[in-house]
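Work through the exercises below with the sequence and coordinates open. Each task is followed by a stepwise solution.

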Amino acid sequence: MKKKIAFITGIAGQDGSYLAECLISKNYKVYGIVRRNSVVEHQKNRLENIKHGLELTYGDLLNESSLSSLLRKIKPSEIYNLAAQSHVRISFDIPEFTIKTNAIGVLNILQAYKNECPKSKFYQASSSEMFGRSVDKDGYQREKTPLEPTSPYGCAKVFAYNLVKHYRNAYKLFASNGILFNHESERRGTNFVTNKVVKTAVRIKLGLQKNLEVGNLNSYRDWGHAKDYVKAMNLILNHKKPDDFVIATGQSRSVGQMINYVFKKLNLSKNKHVKINQKYFRPEELKYLRGDASKARKILGWKPQYTFEMIMDEMIDFWLNFYEQNKNLKDY
Ligand code: GDD
């Protein structure tokens with residue numbers, strides 16, 4: 001059988017690297033673009049275990065002509081648009097860059113897709129951050145919940161989400177949105193709250209650091225595992241028709257509860273070591289997320305394998321092992 005060809009933007013990120021592994025295990029040929037970074041080592045370290053079936057090149061969502069020529073050359077069967085300025089708080093500091101990349105960048109790749117390979121299938125990394133202030137009466141967010149974003153990041157994601165639906169309807173393209181709730185792993189950047197908490201708690205446990213400084217402990221998130229969520233991306237593109245799906249666990253915990261779990265596991269006192277720092281608060285906070293993934297469960301047969309406890313335990317083990325094996329990297 002002819003190999004399927006996938007093109008992934010944002011391939012060097014948490015989701016991109018897990019997705020590449022997942023697709024290669026299904027015998028896809030995978031192409032990805034990475035942005036030029038002054039520290040070369042940072043560009044590929046999540047991908048270093050992948051030896052075969054992967055081809056990387058430089059590219060950027062803001063450079064449409066290079067996207068077009070790449071798509072013309074690769075002729076992918078599936079396009080996964082995961083590239084973004086993905087940090088919500090940072091989007092308040094650099095709103096213009098965030099909106100250019102996360103909104104106009106999506107316009108650019110949709111145009112290249114429509115013009116160069118319209119028979120391909122397109123996945124857009126939409127986000128639960130789009131719901132913002134909006135929750136259904138029963139306490140869940142789902143595909144029909146109104147979108148009321150509370151950050152430049154969320155506003156840009158809503159723009160892109162609508163654009164994908166518009167291109168699907170106007171040009172009969174197979175373009176789908178995965179509306180993914182928070183998903184974590186040891187590959188998460190350590191400026192996102194779960195990996196920051198776990199890494200810092202392990203450092204405190206090992207005597208490498210005194211305190212954990214965080215912002216709002218009272219916001220609620222629905223945390224899943226990135227490995228489960230990249231499988232949903234692939235299922236979405238292999239469904240018989242293009243559509244939009246919420247991907248979530250259906251459980252919600254506060255940041256404070258998540259910290260309690262990690263500190264208890266490591267036998268650490270939260271009162272002694274956790275300090276609140278205003279710099280980690282956002283001008284407007286998304287207070288509560290809890291996703292209803294019934295549609296994906298029913299139509300795609302998707303369900304998460306990881307529980308919250310399994311995710312956090314895996315991250316704790318990762319950082320304990322990391323410092324055990326890299327005794328010279330105490331400042332890392
Ligand atoms: N990052 C961070 N750092 N967040 C903190 C901290 C801290 O020190 N202290 C409290 N928080 C709170 C934030 O205010 C937010 O309510 C929550 O922890 C989660 O923050 P993040 O882990 O940064 O994730 P996010 O929810 O803002 O965004 C992530 O999920 C979205 C899906 O809803 C990102 O992955 C987005 O790219 C993604 O779209």
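A residue counts as buried when its relative accessible area is under 20%. The structure is a predicted model.

**Exercise 1.** Classify the ring pairs that Phe322 forms with Trp319 and with Tyr323.

Solution.
- Step 1. Two rings pair if their centres lie within 6.5 Å, and planes over 60 degrees apart count as edge-to-face.
- Step 2. By this rule the model holds 15 aromatic pairs.
- Step 3. For Trp319 and Phe322, the ring centres are 5.2 Å apart and the planes meet at 70 degrees, so this pair is edge-to-face.
- Step 4. For Phe322 and Tyr323, the centres are 5.1 Å apart and the planes stand at 90 degrees, so this pair is edge-to-face.
- Step 5. Check the surroundings: Phe322 and Tyr323 are buried, and Trp319 is buried.
- Step 6. Place the first pair in the chain: Trp319 and Phe322 both belong to helix α12 (residues 308-325), three residues apart, about one turn of the helix.
- Step 7. Extend the set: Phe318, Trp319, Phe322, Tyr323 and Tyr332 make up one aromatic cluster.

**Exercise 2.** Which rings have Lys196 and Lys295 over them?

Solution.
- Step 1. A lysine qualifies if its NZ is within 6 Å of the ring centre and within 35 degrees of the ring normal.
- Step 2. Lys196 lies over the face of Tyr280, 3.3 Å from the ring centre.
- Step 3. Lys295 places its charged end over the ring of Phe245, at 4.9 Å from the centre.

**Exercise 3.** Compare the span of helix α5 with the expected value, and locate its bend.

Solution.
- Step 1. Helix α5 (residues 95-116) has 22 residues, for which 32 Å is expected at 1.5 Å a residue.
- Step 2. From first to last C-alpha, α5 reaches 30 Å, close to that expectation.
- Step 3. The bend in α5, about 30 degrees, is at Gly105.
- Step 4. Gly105 is one of the buried residues of α5, which also include Thr98, Asn102, Val106, Leu110 and Tyr113.

**Exercise 4.** Describe the nonpolar cores and the contacts of Tyr123.

Solution.
- Step 1. The largest core has 67 residues, of which Phe7, Ile8, Val30, Tyr80, Tyr113 and Tyr123 touch the most other members.
- Step 2. Helix α8 (residues 226-237) gives the largest share of this core, seven residues.
- Step 3. Leaving out residues up to four places away in sequence, Tyr123 touches residues including Ile79, Tyr80, Leu180, Met233, Ile236 and Leu237.
- Step 4. A second, separate core of 25 residues includes Ala201, Val255, Trp319 and Tyr323.

Note on methods: Residues numbered from 1 in each chain as written. Predicted model: local features only at pLDDT ≥ 70, side-chain atom pairs only at ≥ 80, totals over all residues. Heavy atoms only, no water. Phe/Tyr/Trp six-rings, centres within 6.5 Å; stacked < 30°, edge-to-face > 60°. Helix = DSSP H or I, 4+ residues; strand = E, 2+ residues; numbered from the N terminus. Buried < 20%, exposed > 50% of the residue type's maximum accessible area, 1.4 Å probe, protein only. Expected span 1.5 Å × (residues − 1). Bend = angle between axes of the 7 residues up to and from the residue. Core = buried A, V, L, I, M, F, W, Y, C linked by side-chain atoms within 4.5 Å. Contact = heavy atoms within 4.5 Å.
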